Amino acid sequence: MPALPADDAPLAGLVVADLSRVLAGPLVGATLADLGARVIKVEQPGGGDGTRSWSPPASATGSTYFDSANRGKESVALDLADAGDAALARELVARADVVIENFRPGAAARLGLDRDALVAEHPRLVWCSITGYGSQPGGAERAGYDFVLQAASGLMHITGDVDGPPTKAGVALVDVLTAKDALAGILAALLRRERTGRGGLVEVALLSSIQAALVNQLQSVLGPIVPESVESQPPSEPVEPRRAGSAHPSIVPYQLLETADGPLAVAIGTDAQFRAFAALLCVPELADDARFATNALRVAHREALVPLLEAALAVDGALAWEERLLAAGLVASRVRTIGGGLELAAEVGLEPIREVRGAAGVGRQLASPIRIDGVARTATTAPPLLGEHDASVRAWLSHPATDEGDP
């Protein structure tokens, strides 16, 4: 796939100081690098970002975990407890358009990076703080890790088999979703800066992001909109969702269904789709059954319907049924591995893999999901070795600022 010219990158010329570590903050920085920003990652000398040691799988940079969130960046090792290095960090902030950090509230100030003072001193600066539970008393003292937030937010409570234990998602979903919220906030603040000349503070908490991502499940706890008229029929009461395996609480069938050789994910969103699905399974009578005539009725009679559908699906395997449903314009997929998902992305023309090169070596990375003018803008520089850019970044910061976007 052709690459966008460097000067056509949406964020070309912007400098980002990435003071974050682990996943949520680094993912924000990697996406800004994809979009053309110069991202300078500040790491602790000696070990660097803790995810460098989160292996196996190992990589030339330390781990594939680190690789997943740090492409396209420069790495400088600064000891913020050292006065000289702390001064360089403040100079980096002064030259940056965006700062990303996920220190515990108050920790950055103790290291000489007082957020409020620096934002006041540099009014065009966009400062993004990512916390676990916010910056208010009661939350500021709590460290936030994805796994624990999955439990604390309720996500784990609704994930897993009906009769099984609470289960975490198969990826650090809280961190990933928080990164996307932080990115949206940063881009909005940069857009406002274009109008007003003023940057500002973007704050995102892991707990708030995952709660927002619970969407309909969380809204069911808050309850419905209540009619103002007392004569109106009272709405249904709030509902606390429970684990339902792969099933959807409000749509049937919208879940894994067993076939002759394995599960098939089927998403039937309308009554017309259900009629077409029943006909395809050679059980058209199900669409005429009074118990299954509408989605609300199918939800009410889920336990009766699902075994009938699985009995019809048992005559063939998941791949064969997937092909038939897709040919009929219905939505279905067998359960693929992650590698199988990449193969699918390639089959449908998304060109999901990019080659990256750098001092660490050469490797493959996932292309950015963001396409601009038909092109996935993806940084092609490999994730950096710890302190790989010490000399160039320190030299840049030690000289008077001129064209701050130039490396």
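Colleague: Which strands does α1 lie across, and what is its angle to β4?

Modeller: In this predicted model, α1 lies across β1 (15-18), β2, β3, β4 and β5, and it runs at about 150° to β4. Helices (H or I, at least four residues) and strands (E, at least two) are DSSP runs, numbered from the N terminus. The axes are lines fitted to C-alpha atoms, for helices over the stretch in contact, and their angles run from 0 to 180 degrees between N-to-C directions.

Colleague: On what basis are residues numbered and values accepted?

Modeller: Residues are numbered from 1 along each chain as its sequence is written. Because the model is predicted, local features need pLDDT of at least 70 and side-chain atom pairs count only at pLDDT 80 or more, while totals for chains, interfaces and linings use all residues, and side-chain values use heavy atoms, with hydrogens and water left out.

Colleague: What makes the strands β3, β2, β1, β4, β5 and β6 a sheet, and which are its edge strands?

Modeller: Two strands pair if DSSP finds at least two bridges between them. Strand β2 (residues 38-43) and β3 pair in the parallel sense over 5 bridges, so they satisfy that condition, and lysine 41 stands opposite serine 75 in β3. The 6 strands form an open sheet with parallel pairing, in the order β3-β2-β1-β4-β5-β6. Its edge strands are β3 (73-77) and β6, each of which pairs on one side only, and neighbouring strands of this sheet are turned by 20° against each other on average, direction ignored.

Colleague: Where does α7 lie, and how do its axis and that of α8 cross?

Modeller: Helix α7 lies across β4, β5 and β6, running at about 165° to β6. The axes of α7 and α8 come within 9 Å and cross at roughly 95°. That makes α7 roughly perpendicular to α8, because the word covers 65 to 115 degrees, whereas angles under 35 count as roughly parallel, over 145 as roughly antiparallel and the rest as oblique.

Colleague: How do you know that α7 and α8 meet, and through which residues?

Modeller: Contact means heavy atoms within 4.5 Å, and Val174, Asp175, Leu177, Thr178 and Asp181 in α7 meet Leu206, Ser209, Ile210 and Ala213 in α8.

Colleague: Why are the buried residues of α8 said to lie on one side?

Modeller: The buried residues of α8 (residues 206-213) are Leu206, Ser209 and Ile210. They cover an arc of only 90° around the axis, which puts them on the same side of α8, the arc being that of the directions from the helix axis to the C-beta atoms. Buried means under 20% relative accessible area, with exposed over 50% and partly exposed in between (1.4 Å probe, protein chains only). These buried residues pack against α1 (24-34), β5 (126-131), α6 (146-153), α7 (173-196) and β6 (200-205).

Colleague: What makes the largest nonpolar core a core, and which residues touch the most other members?

Modeller: A nonpolar core is a set of buried Ala, Val, Leu, Ile, Met, Phe, Trp, Tyr and Cys residues joined through side-chain atoms within 4.5 Å. The largest one has 35 residues, of which Val28, Leu32, Val98 and Ile186 touch the most other members. Elements giving two or more residues to this core are α1, β4 (98-101), β5, α7, β6 and α8, and the largest share, 7 residues, comes from α7. Leaving aside its neighbours within four places in sequence, leucine 32 is in contact with Leu11, Val16, Ala37, Val39, Val98, Ile100, Leu183 and Leu187. Apart from this core lies another, of 25 residues, among them Ala17, Val42, Val93 and Ala108.

Colleague: Why does cysteine 282 count as exposed, and where is its place?

Modeller: Cysteine 282 counts as exposed because its relative accessibility is 63%, and its place is in the loop between α10 (271-280) and α11 (285-288). Cysteine 282 also has a positive phi of about 65°, although it is not a glycine.

Colleague: What is the relative accessible area of aspartate 373, and in which loop is it found?

Modeller: Aspartate 373 has a relative accessible area of 68% and is therefore exposed; it is found in the loop between β12 (371-372) and β13 (375-376). The phi of aspartate 373, which is not a glycine, is positive at about 55°.
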